[in-house]
Amino acid sequence: MNDTDFMVTAWRELLERHARVSCALERELSEKHGLGVSEFELLDRMAEAMTTCDDEGKLKFRVQELAEHMHLSQSAMSRLIARLEREGLVMRATCDVDRRGVFVHITDEGRGRHAEALPTHRSVLESRLVPYLTGTPPEGTPPTDTLPKDTPPKDTPSTEHVPKARDAHSDRNTQVDRNTQVDRDTDGDRDTGNTAHARATDKALEASLTR
């Protein structure tokens, strides 16, 4: 697998993970709270800003700013706001200074719906997204391998020029063979000495008999 194949494989895995998490969020939020993923995301961002900002004037959001934050076109954001506005979750208002500018703010009902859906949203992320981040994909996820097959891991030491480990069993056998040879040599020396002694005794006995 070359660098291009690795890049394409990683991209497709990213798309698959995004699709799996998004589908799980869409199903849970829709069934339990009547919200889509984008609808909740918009409410979440607006509610989050309200809890971290003390300046009341900054609680209104421009449509263009929201579109940029959520990576949507301005027309798509306008349609999203219109759906939430029909349900009474957000309200639009024109700018007092520039009548062409349109601001959006979350309503009390919108904050209530967001508060109800928040635990569901976070629970899905915990069960579906966190496992990917910790290297333990959710159960049932097909295994993936983004590492090129012909590229060894960087931390894997090379086995080239590494002397082979000596075989302890072979060493023991060699030592046994050496000891056996020493025993054989010793036994041979003993046999030679015994034979010489026997011959000397025989010669002495023969000499005494001839006298």
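**Helices, a small set of strands and a core**

Buried residues make up 23% of the 211 residues in the protein. The model is predicted.

Colleague: How many helices and strands does the secondary structure come to?
Modeller: Read the elements from the N terminus on: α-α-β-α-α-β-β-α-α-α. Each α is a helix and each β a strand. The secondary structure comes to seven helices and three strands.

Colleague: In what order do the three strands form the open sheet?
Modeller: Start at the edges, where a strand pairs on one side only. The edge strands are strand 1 (61-62) and strand 2 (90-94). The pairing is antiparallel, and the order is 1-3-2.

Colleague: Which residue of strand 3 is the bridge partner of Arg-92?
Modeller: Strand 2 pairs with strand 3 (residues 102-106) in the antiparallel sense. Five bridges join the two strands. The strand 3 partner of Arg-92 is Val-104.

Colleague: At about what angle to strand 2 does helix 4 run?
Modeller: Helix 4 covers residues 74-86. This helix lies across strand 2 and strand 3. Its angle to strand 2 is about 120°.

Colleague: Which helix supplies the largest share of the largest nonpolar core?
Modeller: This core has 26 residues, and Leu-42, Met-77 and Ile-81 touch the most other members. Several elements supply at least two core residues each, among them helix 1 (3-33), helix 3 (63-69) and strand 3. The largest share is six residues, and they come from helix 2.

Colleague: Which residues does Leu-42 touch, not counting those up to four places away in sequence?
Modeller: Leu-42 falls within helix 2 (37-52). Leu-42 is also one of the core residues that touch the most other members. Its partners are Leu-66, Met-70, Met-77, Leu-80, Ile-81 and Leu-84.

Colleague: What does helix 5 reach from its first C-alpha to its last?
Modeller: Helix 5 (residues 108-128) has 21 residues. At 1.5 Å a residue, 30 Å is expected. The helix comes close to that, reaching 30 Å.

Colleague: Where does helix 5 bend?
Modeller: The bend is about 35°. A proline, Pro-119, follows within four residues of the bend. The bend is at Ala-117.

Colleague: Which residues of helix 5 are buried?
Modeller: An α-helix has 3.6 residues a turn, so residues three or four places apart point the same way. Now look along helix 5 for residues under 20% relative accessible area. They are Gly-110, Arg-113, His-114, Ala-117, Thr-120, His-121 and Val-124.

Terms used:
Residues numbered from 1 in each chain as written. Predicted model: local features only at pLDDT ≥ 70, side-chain atom pairs only at ≥ 80, totals over all residues. Heavy atoms only, no water. Pairing = 2+ DSSP bridges. Contact = heavy atoms within 4.5 Å. Axes fitted to C-alpha atoms, helices over the stretch in contact; angles between N-to-C directions. Expected span 1.5 Å × (residues − 1). Bend = angle between axes of the 7 residues up to and from the residue. Buried < 20%, exposed > 50% of the residue type's maximum accessible area, 1.4 Å probe, protein only. Core = buried A, V, L, I, M, F, W, Y, C linked by side-chain atoms within 4.5 Å.
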